[in-house]
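Reader: Hello! I am new to this structure and would love a close look at a single part of it.

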Amino acid sequence: MRVRGTVQVPGDKSLSHRALIFGALGTGTSRVRGILESADVQATAECLRAMGVEIPALRDDIAFAGRGLRGLRAPSAPLDAMNSGTTARLLAGVLAGHPMRATVVGDASLSRRPMRRVARPLMAMGATVELSSDGTLPMTITGGQLHSVDLVTDVASAQVKSAVLLAGLVGGVRVSVREPAKSRDHTERMLAALGSGVEVGESDAQVTLTPGDTLQPLDMDIPGDPSSAAFFAALAAAVPGSELLLPNVCLNPTRTGFLNTLERMGVEVTLEDRRVSGGEPVGTVRVRARGLLGRAVGGQMVPTMIDELPLLACLATLAEGETVIRDAHELRAKESDRIAAVVANLRALGADAEERPDGLRVMGNRGALHAGAVTTFGDHRLAMAFAVLGAAAGIDIAIDDRACVAVSYPGFWGDLAAVTQ
Ligand code: S3P
């Protein structure tokens with residue numbers, strides 16, 4: 001088998017959540033084309049509808065009226081973020097600035113994920129945030145009069161940073177956030193595009209928001225999701241003789257760590273038709289297989305490819321030599337414990353993989369891999385990473401939950417079948 005052709009991956013998940021939230025807070029009618037129609041984004045849309053925003057059914061081109069910066073209505077029932085950490089944490093910021101009380105709940109996976117990281121800064125701003133005794137959902141927020149904060153975080157998290165920026169925006173107070181490494185900056189870019197005063201510090205990992213009284217409506221084309229494109233880039237990279245085109249992908253530098261790593265592994269990656277759309281760099285990614293060498297990943301690179309690290313670990317089994325992932329403790333706080341889950345699954349397929357507290361180590365050995373079964377823990381990225389490994393290595397991998405890809409990439413199985421037939 002060779003992988004050939006073109007895959008247009010669906011809209012970026014991070015941008016889709018933010019487009020709905022910023023549209024809801026704007027004054028006037030926002031228009032969004034290319035929004036991701038997935039379960040996570042549906043969760044955000046449903047929560048906003050429950051607070052009075054009339055968002056139509058998600059499709060390629062939607063328009064809806066914002067309610068202004070403090071115009072959301074108190075929901076009559078808990079807001080269900082389902083599987084989506086971005087929904088829960090970004091909405092926490094929005095709620096903190098509204099003088100009302102609301103509760104956020106989620107599914108079993110989201111209900112295990114840490115929420116103190118977002119509760120603490122919002123409380124420091126003056127909101128009341130109640131969590132379960134182990135710091136997880138349900139989260140009840142009583143918002144109102146906020147004050148300014150200068151926050152220094154100990155983990156690079158765009159969700160935490162965005163929650164604070166949104167609280168500052170809605171609460172009308174200046175906020176500043178400094179992270180240990182720069183996380184994805186879509187919120188900052190969108191705020192700046194909509195007329196809010198955003199300043200990025202010299203260190204790049206610091207941002208200050210001086211909010212205005214209103215937010216302009218949004219008019220945006222959402223580019224393809226680089227985290228979805230990564231699955232196909234990896235597949236093409238791992239199958240000799242392959243060449244694949246991925247048009248209209250978001251190439252924001254805070255999201256391109258995986259493509260950079262593929263290049264460092266010896267893969268030919270070219271970026272074509274580069275342009276800026278909706279404040280985000282966008283382009284076509286061309287991937288040509290050229291052998292594959294194991295590499296080390298750590299430090300500042302980690303946030304730029306955080307969601308692609310399970311995929312990198314799978315790809316590493318097909319590379320020559322060792323791949324080590326460091327400084328990635330955050331993987332344990334995602335939709336599953338992605339360090340433990342990836343290593344256990346790789347070992348079940350015959351791979352030489354070892355867990356580390358902050359990452360993992362894989363020694364490539366294509367020949368040792370054999371058919372087997374994988375447990376996803378309902379984690380969409382694990383399902384897709386192991387599907388790619390199965391296709392690339394030509395082994396049968398039984399995936400316990402194929403439906404969970406609906407969280408970020410509902411058309412994944414169809415797109416995979418189209419390029420591997
Ligand atoms: C996201 C931020 C990242 C990422 C998630 C989406 C966002 O999470 O893993 O898939 O849209 O802000 P963290 O902020 O927890 O690192």
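Reader: How many residue pairs are in polar contact between domain 1 and domain 2?

Author: Happy to help! This is a predicted model, where local features need pLDDT of at least 70, side-chain atom pairs count only at pLDDT 80 or more, and totals for chains, interfaces and linings use all residues. Residues are numbered from 1 along each chain as its sequence is written, and side-chain values use heavy atoms, leaving out hydrogens and water.

Between domain 1 and domain 2 there are 13 residue pairs in polar contact, both at pLDDT 80 or more (a pair of N or O atoms within 3.5 Å; within protein, one must be able to donate a hydrogen and the other to accept it, and residues adjacent in sequence count only if both atoms are side-chain atoms). Helix H1 (13-25), helix H2 (39-49), helix H6 (186-193) and strand E12 (219-221) are the elements that each give two or more residues to the side of domain 1 that touches domain 2 (helices, H or I, of at least four residues and strands, E, of at least two are DSSP runs, numbered from the N terminus). With three residues, H1 gives the most to that side.

The count of salt bridges between the two domains is three (a side-chain nitrogen of Lys or Arg within 4 Å of a carboxyl oxygen of Asp or Glu). Arginine 117 forms a salt bridge with glutamate 330, and their closest N and O atoms are 2.8 Å apart.

As for area, about 2,100 Å² is buried between domain 1 and domain 2, with carbon and sulfur atoms giving 47% (the accessible area, 1.4 Å probe, that two parts lose on being put together, summed over both). Lys13, Arg184 and Arg189 supply 27% of what domain 1 buries against domain 2, more than any other three residues.
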